[in-house]
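Here is a note for a colleague who is meeting this structure for the first time. Please read the numbered points with the model open beside them.

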Amino acid sequence: MAHSALPAFDIEHTLAQLTLEEKASLLSGSDFWHIPAIDRDGVHVPSVMLADGPHGVRKQKAAGGEAALSESWPATCFPTAAALGSTWDTDLVTRVGKALGRESRALGLTVLLGPGANIKRDPRCGRNFEYLSEDPVLSGDLAAALINGIQSQGVGASLKHFAANNQESDRMRVSAEVDERTLREIYLASFERAVKGSNPWTIMCSYNKINGTYSSQNRWLLTDVLRDQWGWDGMVVSDWGATRDRVAGVAAGLDLEMPSTGGRTTALVIEAVQNGTLDETLVDIAVRNVLTLVSKSGAAQDAAKDTADAGASTAGAPTTPVDHAAHHLLAREAAAAGAVLLRNEPVGPDAIPLLPLKDRDGVAIIGEFARTPRYQGAGSSQVNPTEITSALDAFADAWGTAIPFAPGFALAEGPQTDATPDATPDALRDEAVAIASAAHTVVVFLGLPAAAESEGYDRDHISLPADQLALLDALAMVNERIVVVLSNGSAVTLSEWQHHAPAVIEAWLSGQAGGGGIVDLLTGVTSPSGRLAETLPVRLEDVPSFGAFPGELGTVRYGEGIFVGYRHYDLRDAPVAYPFGFGLTYTTFTIDDVEAVAKGSGADAQVTVTATVTNTGHRKGAEVVQVYIGDPESVVARPVRELKGFARVALEPGESRAVTLELDSRALAYWHPTLERWTVEGGTFTVEVGTSSRDIAATISIEVEGEDLSSPLSELSTMGELRAHPATGADGERLCAGLDATMLSMVDDFPLVVLSDFGMIPGLGREEIAELIKKSKA
Ligand code: BGC
């Protein structure tokens, strides 16, 4: 790794020197952002700093313990996770991570607080813009990519919010009631994949409870699963203020509590050790993890030292040069890559799609977001950008001329209200309609106002604001050539308005250079290559958690279980507005020569999937090959298909490339609820290769040799279980030979002892049952 450890920082030696009081002090922040220093004879533990994340650095200018979201040092605001998730591009996301790492290091940070790997359970979650996907494989791989980039620069990441923090409502108290299979296969799986793919220096535990126990004091979560089962050895930090019982937290595996509690919880830890309720070895484990983090922070320490030398007035300012212009360009590239072209219908007598825009003449721009971009979400992730490119700026830059523009609607927040202080909604709409009627093509920038979604609260609907919909209705009366560009951090419904817009780009909250990235797509400098990382539902009422979000009376029940996102819609074959994985582009692709080969068995099973992708169109572009696995026959309910691998392939016109994806047994396995481990059940699996969960290019059946899952029979086993058991199947057939189909269906569900007591099966008495049980154990 490209960083130097602190010279001669010996963790074990330091630990051995520390008093109980000093050790306890290291387990809580010294202020809002720092781990405390210890400096005395023979012991030197430098203070290190953590700061938000995840799509830019938010290092506050004011020193110390402020809770407010005060002004922070300028930093590049990259596209939010909603947009990065839609890139499906691990290389690009790693490059963004590297840039984040460089900026963090220049600002003297040891840890950047991100990325978030929570699953988008429900589109109403106010913080979905900070999360990557509804699918754990996509979320986990992209989180790992970002972490690998950040940590390559000698700065640690903090994978958050672990776990089951899938809503903002009541997030500091609510208990997510989730069965273990669902946790393992969906909510923990996203974190597990990220942990194993990147080894983050730190993990941030969430505010909420899981099945009644706060994450911050959940030993099963923080120690059994995270460390013992996943083999992770980093430092767990609490979400800010997530600790309810600090002593229980230390015992559970919560190493560092943030922010400072002014010594209150340090005293509790000391007292618990002294009165014997907390074993000091547990304190040592936590301190060792904190010291290990400190020892990794050499590069950040150097930067911090330079900063201190530079004098108080600039304390905390960047000291290492960062190429902000290059980072702005990278943010622009990522914004374009994360935007999803949802629609591009042919229009007019020539039946030509509206995008890319053919020439600048006759184009009009409407919508306040073109002038005042909404490029990031509110809350702890809010970055002070180094610059902002609006779409209007980028258009003027690309075309060398001002384009007719009308704001069309006003936003409650932002400078635009100053620019149009007296404009009524009607006046704004009339002005926009006038411009639209004179234009050949209209590009309309719509989206969610900042107040609609934020950290800290959830939405109660997923529609665009009424004034924007009214504007679109009015524009459609005068011009049929309408392109809509959306800026929103979480899904909105399109069914009530998209018939007005032959072309739609979902740009998400695309960072400080989003305007440039979007204009690159609109003008055809870049072909869209973003793919949906979440299903866009037809109606809010269709979403799997509709009636169970955000819960009530302190509890939210994840009743939909593993059927989250496309797993739900595909199970029901229910209509969606746009499926998971979907996205159009300006060229065309084929996927051929699809093969899938299984080898090995059980936990050693592997599947190799190959395919050839060809760009058959006339423009450069990228296809995302998606591999879904299904297990149509299983003793547990399984999704029709689950994403298990993907590859983004960028191709010149006419170019082909072979893609190979190697999948391990986890691609086939489910979490067995009673065996409490991953299990591969033998039989036929489907391997689907496609470009969305609803657009499958080829389906291949593979035979996989599974584990022997047959457990011994008991007196309460049913006739069906007896007949399915490899050792007693033939006996079952013999015993049931005289039964018609109706009777057979009925007795299959009866426990053996009941059948025997009822005398329903001739030849099945207590003695025979004992013999059959013995046989099943042999
Ligand atoms: C958020 C975290 C953030 C922390 C520090 C919390 O409220 O949930 O994501 O890293 O504050 O700002």
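1. Cys736 has a relative accessible area of 5% and is therefore buried, a word used here for under 20% relative accessible area, computed with a 1.4 Å probe and the protein chains only. Cys77 is buried as well, at 0% relative accessibility.

2. This is a predicted model, in which local features need pLDDT of at least 70 and side-chain atom pairs count only at pLDDT 80 or more, while totals for chains, interfaces and linings use all residues. Residues are numbered from 1 along each chain as its sequence is written, and side-chain values use heavy atoms, with hydrogens and water left out.

3. A search of the whole structure for disulfides, meaning pairs of cysteine sulfur atoms within 2.5 Å, finds zero. For Cys77, the closest cysteine sulfur belongs to Cys125 and is 18 Å away, so the two are too far apart for a bond.

4. The ligand is surrounded by 14 residues, where a residue counts if one of its heavy atoms lies within 4 Å of the ligand; the closest are Asp52, Arg127, His161, Tyr207 and Asp239.

5. Oxygen atoms of the ligand pair with several side chains: an N or O atom of Asp52 is 2.5 Å from one, an N or O atom of Lys160 is 2.9 Å from one, and a polar side-chain atom of Tyr207 is 2.8 Å from one. On its own the ligand has 310 Å² of accessible area, of which the protein covers 94%, as computed by the Shrake-Rupley method with a 1.4 Å probe.

Conventions:
A polar contact is a pair of N or O atoms within 3.5 Å; within protein, one must be able to donate a hydrogen and the other to accept it, and residues adjacent in sequence count only if both atoms are side-chain atoms. Buried means under 20% relative accessible area, exposed over 50%, partly exposed in between (1.4 Å probe, protein chains only).
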